[in-house]
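User: I'm new to this one. Can you walk me through it?
Analyst: Sure, here it is.

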Amino acid sequence: MGKDTHGNTTHIIGYGTLTAVWGVLLLLTALTVWAARHATGFGHVWGSLAIASVKGGLVIAFFMHMRYEGRLLRWLLFVALVTLALFIGLTFFDVLYR
């Protein structure tokens, strides 16, 4: 059972929750493999990116304990991830117009 302490608050994530999240991550990985083998066209990339985003969100929320952090820290992480996505998007624009 995971136990973590931040300041005055303590939160415990049960084995059942962690196992359920792990199962969902495995299911999404299988869906990613299925999409890579069967889907074609432009939606293939967006679908894979959506699945990867959901998987990353689950890992950040449960295994990195961000679900139990304050709003300020969650917003800072969100802003950092959006900034990273913008830079990656701008890099793709550079590759697109070569």
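User: Start inside. Which residues make the largest nonpolar core?
Analyst: This is a predicted model, to be clear. Its largest nonpolar core has six residues: V21, L25, L28, I51, L58 and F62.

User: And which elements give two or more residues to this core?
Analyst: Those are α1 and α2, the latter running over residues 42–63. In general, nonpolar side chains tend to be buried together in soluble globular proteins.

User: Take L58. What is it in contact with, leaving aside neighbours within four places in sequence?
Analyst: L58 is in contact with V21, V24, L25, L28 and F63. Of these, V21, L25 and L28 are also members of the core.

User: Tell me about α1. How many residues does it have?
Analyst: Helix α1 has 24 residues, from 15 to 38. From first C-alpha to last it reaches 34 Å, close to the 34 Å expected at 1.5 Å a residue.

User: Which α1 residues are buried?
Analyst: V21, L25, L28 and A35.

User: Any reason for that kind of spacing?
Analyst: Here is the general rule. An α-helix has 3.6 residues a turn, so residues three or four places apart point the same way.

User: Switching to the outside. Which residues make the nonpolar surface patch?
Analyst: W22, L26, V59, F63 and M64 make it, and the patch covers about 500 Å². Helices α1 and α2 each supply at least two of its residues.

User: F63 came up twice. Where is it, and is it buried or exposed?
Analyst: F63 sits in helix α2. It is partly exposed, with a relative accessible area of 38%. Patch residues need over 30%, so F63 passes that cut-off.

User: What about A50?
Analyst: A50 is in helix α2 too. Its relative accessible area is 42%, so it counts as partly exposed.

User: How far is A50 from T32?
Analyst: Along the sequence, A50 and T32 are 18 residues apart. In space they are 9.8 Å apart, C-alpha to C-alpha.

User: Zoom out. How many helices and strands are there?
Analyst: The chain has three helices and two strands. Read along the sequence, the pattern is β-β-α-α-α.

User: What share of the chain counts as buried?
Analyst: Of its 98 residues, 12%.

User: And the surface of the whole chain?
Analyst: The accessible surface comes to about 7700 Å². Carbon and sulfur atoms hold 72% of that.

User: Last one. What share of contacts joins residues 24 or more positions apart?
Analyst: Among contacts with a separation of 6 or more, such pairs account for 45%.

Methods. Residues numbered from 1 in each chain as written. Predicted model: local features only at pLDDT ≥ 70, side-chain atom pairs only at ≥ 80, totals over all residues. Heavy atoms only, no water. Helix = DSSP H or I, 4+ residues; strand = E, 2+ residues; numbered from the N terminus. Expected span 1.5 Å × (residues − 1). Buried < 20%, exposed > 50% of the residue type's maximum accessible area, 1.4 Å probe, protein only. Core = buried A, V, L, I, M, F, W, Y, C linked by side-chain atoms within 4.5 Å. Contact = heavy atoms within 4.5 Å. Patch = residues over 30% accessible without salt bridge, like charges linked within 9 Å, V, L, I, M, F, W, Y side chains within 5 Å. Areas by Shrake-Rupley, 256 points an atom, 1.4 Å probe, with all protein chains shown as cover. Salt bridge = Lys/Arg side-chain N within 4 Å of Asp/Glu carboxyl O.
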